[in-house]
Amino acid sequence: MALSLSASPAKADEKADLEHINNIRKLSDTDNTEALKQLEFLKQKQFAKSTPKVRLEALKVIVSLYYDAGRIQSALDSIAELKTLAGSEHDQDGVAIARIMESYALIDDGKPDDAIKNLLQIRSTLHASASAEVRMRLHSAFGSAYYITGNFAASLQHFLEALRLTDELTTRKIENRMYKLDAIAKLYSVMKDPEKALVTIDEAFSLSPLSRSPKTAASLNISQGIALSALHRNKEAAEAYKRALKLANEAGLVAMAVTSLINISDYYLIMNQYRQAENYARQALKEAETLKDKQSITIARVNLGFALAGQGKISQGVELINDVVKYFLDSDQKPDAEAVLAEQAAMYERAAMYKEALQTVRQQQELSNELFRSDRAKAVAALQEQFHSEQKQKQIELLAKENDLKDADIRNHRLQQIVTLLGAIVTVLMVAFLFLLYRRVKRINLQLREANSQLEFHAIRDPLTGLYNRRSFLDMMKARMAQAEAERRDVQENNPDCLILLDIDYFKQINDGLGHAVGDAVLMEVAHRLRKVVRDTDMVLRWGGEEFLVFSPKSSPSQSAGLVERLLQAVGAEPIVAGDKEIQVTVTAGFIALPFSDVPESAFGWEKVLQIADMALYLGKAHGRNRAYGISRLLVPPEIALPVLETDISTAIANGMVELIEVSGPPRLDLSFAKTPEPH
């Protein structure tokens, strides 16, 4: 490709220079090596004669080409140059793009939390007229950072917004759209939805013949391989990874080639072909170390560790694996550390090293519990904020009603005084007046009784769903505790009561993605479906937020499992229609008998029983949602089992201390949030 930049700074020359840079960027889609060669020559020979706008555009492009070529330091130097030039030209968009690129560098350096802080600061200072390119790049960077930290819901939200913003771009609209679809496909795979990932990849491939260019096709093939591997279509996944490696090598995409080698190594690990896995892991590690790419070095090292362990070289493998786990923990990449620990425990088990396997499982569980506690703390904080807001509103409403009642009482008192005065003056009129007054007082008293009834109803009912609220359940439990223990034992020895705690899956995504009106509609419909399934003697409550509680008296564990299955089917088998949206909503549940396994309630009360149901629910969340786990009875004496069960349900199950009942929810429907996908 011949160079066409002229020495004249005229507007026409600037337009031609920018077009030439765009052509080099198009060339990079098929031959990154040649495109980088031309752009470096352009930068060396023509920069002094080019306008600031041309130099800024060239620097933005060359950063991407350096990264694809694996020349990380050159990319970082170009980012610094871009930031300095944009600042001197007072180009706010250019400065923002350079800072966003710095955030990507932090992600690559294993500092995703620092990247998020940097991106939040960029967003807070972003000027109102920022271009679509800047906003798209910002959302893409947020998506990548949240992906690394395991906040997949936030990552998806930002990637979808970046995808939407591609429609506002003036150049390379299709190419950027394919890049965003590729990122979303990888995210769907890690969110355990590989079928949706494959559909997204097919959409990207169908956009344009450009999707067959080496750069885009290589990345899409990697995403396709990841999704196929999740579906256990391992041979097809390997073929996709090898296609990506071939394309990356031909186009000079060194970083992409390293990623392909790592994924091929993963394939051979899955197939237990450890020599081949070692070979590809060593190739990936060598290239990654040359690039000084920390993330790729880390993943290649852990693959090498598992490959060596699979060949019986346990100590060598464990040393590499432990180094990687420490790196992930030090860089706050806890979801990755937890995943590696799970694989390490399975490795020990295959090697019949059961003591080490148990220690690793415990370490993994501690980390998993920490992650769950963190997520739950955030959710609880949000619920508490909402609860306090609702309580303040209720207080305002109650004060208003109280004032109305006081006014009515004052009016009533004044009327009585008037009656007394008139009685003293005109006896004849007194009878008629008292009759009219009696009717009015009666009407006011009726209004008072109605107001009191409404206050009583709202005191025990949830205003949105009409279900009983937490207070009503607590009152019932107080009454239950007042009942003599002997009376309860006679009634419940063979037919204990049952507590079922249910939580709507992915409700935050529904609320955030479709709005609170749709979220409220979902809560009301779920409440309606739960009421339809239970008996008249059962009690359905809204426990808080998206959590519901079913109290089913005289229901044995075997009967409870049937009731739980009907509840899961009632909620999730048919989609919920909210406006023009059609959504499959599922729930995860935990259930347990009260009293539990013949343990007296005086020793193990309803609060502790409900705590076990809550842990069983979160065990269901950890195993894929849309299911229920019930703890039916103790298999060892209570004094041994209960202290363990109260703190670590997984250990109690693993050690055979309790009997676990699993109930599966309805099959997944082929639905998205909306009946007809909205245009991107």
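These exercises cover aromatic contacts and one residue of a surface helix in a predicted model.

Residues are numbered from 1 along each chain as written, and side-chain values use heavy atoms, without hydrogens or water. Local features need pLDDT of at least 70, side-chain atom pairs count only at pLDDT 80 or more, and totals for chains, interfaces and linings use all residues.

**Exercise 1.** Classify the ring pair Y327 and F328.

*Solution.*
1. Rings of Phe, Tyr and Trp (its six-membered ring) pair if their centres lie within 6.5 Å; planes under 30 degrees apart are stacked, over 60 edge-to-face, the rest tilted.
2. The count by this rule is 9 aromatic pairs.
3. The centres of Y327 and F328 are 6.0 Å apart and the planes meet at 50 degrees, so this pair is tilted.

**Exercise 2.** Describe the pair F473 and W543 and its surroundings.

*Solution.*
1. The centres lie 5.5 Å apart with 85 degrees between the planes: edge-to-face.
2. F473 is in helix 20 (residues 470–482) and W543 in strand 2 (residues 539–544), so the pair ties together parts 70 residues apart in sequence. Helices (H or I, at least four residues) and strands (E, at least two) are DSSP runs, numbered from the N terminus.
3. F473 and W543 are both buried, that is, under 20% relative accessible area with a 1.4 Å probe, protein chains only; exposed is over 50%, partly exposed in between.
4. F473, W543, F551 and W606 form one aromatic cluster.

**Exercise 3.** Is L421 buried or exposed?

*Solution.*
1. L421 belongs to helix 18 (residues 354–425).
2. Its relative accessible area is 54%, so L421 is exposed.
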